[in-house]
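Charged side chains are a good place to begin when learning to read a protein structure. Please look at the sequence and the model below, and then follow the paragraphs one residue at a time.

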Amino acid sequence: MKKFRKNIRLKGYDYSQSGLYYVTVCTNFKEKILWKDIVDDNVILSSVGKAVEDCISFIDSNYENVVIDKYCIMPNHIHLIVDLGMSESRRGSLPLRELEKQNNIELHNVIGRMKSYTTRQYRILSGNPKAILWQRNFYEHIIRNDEDYAEKWKYIDENVLKWNLDFDY
């Protein structure tokens, strides 16, 4: 019997539409490989975690119309708030006709490229050309209002503090 993957995306939603998206991406089998240590309450990223952080910075500075508004790298997953379109400060400086002409990259393409690049880096760092860094899918949530945004922002801020309460820890 053929297994079908469940589509977790909102049916009919245009994921290239300008907006804010909360994203969580988990490592394969929730392996704790993105942190090296915690020293004096400061997280020390592993070499893989640093590659992930570098990739996030690359997205933020090299993709037109994409801003990583906030992120957090945990031992076995990452959280991102992705601003697809343009950040509010840049958005306000463009005439409406320019905003209407924007062609945004789709959210799954941004995340897919990040996962692909970081997996290549992981394979180099691990010495295993078949190593898999990420789970196949990722969780996304369309941020709908200021309250939702504040809740996701706070969750990302406090996630590191709650790590020792994580059942997979």
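Is Lys-152 buried or exposed? In this predicted model, Lys-152 is buried, because its relative accessible area is 13%, and the cut-off for that word is under 20%. The side chain of Lys-152 has a partner, since Glu-151 forms a salt bridge with Lys-152 in which the closest N and O atoms are 4.0 Å apart. Glu-151 itself is partly exposed, with a relative accessible area of 48%, so this salt bridge joins a partly exposed residue to a buried one.

The structure holds two salt bridges, and the other one to consider is formed by the side chains of Lys-70 and Asp-157, where N and O lie 2.7 Å from each other. This pair links distant parts of the chain, for Lys-70 belongs to strand S4 (residues 66-73) while Asp-157 belongs to helix H5, and the two are 87 residues apart. Lys-70 counts as buried because its relative accessibility is 16%, whereas Asp-157, with a relative accessible area of 43%, is partly exposed.

Helix H5 (residues 146-159) also contains Asp-148, and this residue deserves a careful look. Asp-148 is buried and yet has no salt bridge, the nearest side chain of opposite charge being that of Lys-152, at 4.5 Å. Why does that pair not count as a salt bridge? The distance between them is 4.5 Å, and a salt bridge needs a nitrogen within 4 Å of a carboxyl oxygen, so the pair falls outside the cut-off. A polar atom of the Asp-148 side chain does, however, lie 3.1 Å from the backbone nitrogen of Arg-144. If residues up to four places away in sequence are left aside, Asp-148 touches His-141, Ile-142 and Ile-143.

Another acidic residue to follow is Glu-140, which is found in strand S6 (residues 139-143). Glu-140 counts as buried because its relative accessibility is 9%, and its side chain is joined to that of Tyr-15 by a polar contact of 2.8 Å.

Finally, the reader may turn from charged residues to cysteines. How many disulfides does the structure hold? The structure holds zero disulfides. Cys-26 counts as buried because its relative accessibility is 17%, and Cys-72 likewise counts as buried, at 7% relative accessibility.

Methods. Residues are numbered from 1 along each chain as its sequence is written. This is a predicted model: local features need pLDDT of at least 70, side-chain atom pairs count only at pLDDT 80 or more; totals for chains, interfaces and linings use all residues. Side-chain values use heavy atoms; hydrogens and water are left out. A disulfide is a pair of cysteine sulfur atoms within 2.5 Å. Buried means under 20% relative accessible area, exposed over 50%, partly exposed in between (1.4 Å probe, protein chains only). Helices (H or I, at least four residues) and strands (E, at least two) are DSSP runs, numbered from the N terminus. Lys and Arg count as positive and Asp and Glu as negative; His and the chain ends are not counted. A polar contact is a pair of N or O atoms within 3.5 Å; within protein, one must be able to donate a hydrogen and the other to accept it, and residues adjacent in sequence count only if both atoms are side-chain atoms. Contact means heavy atoms within 4.5 Å.
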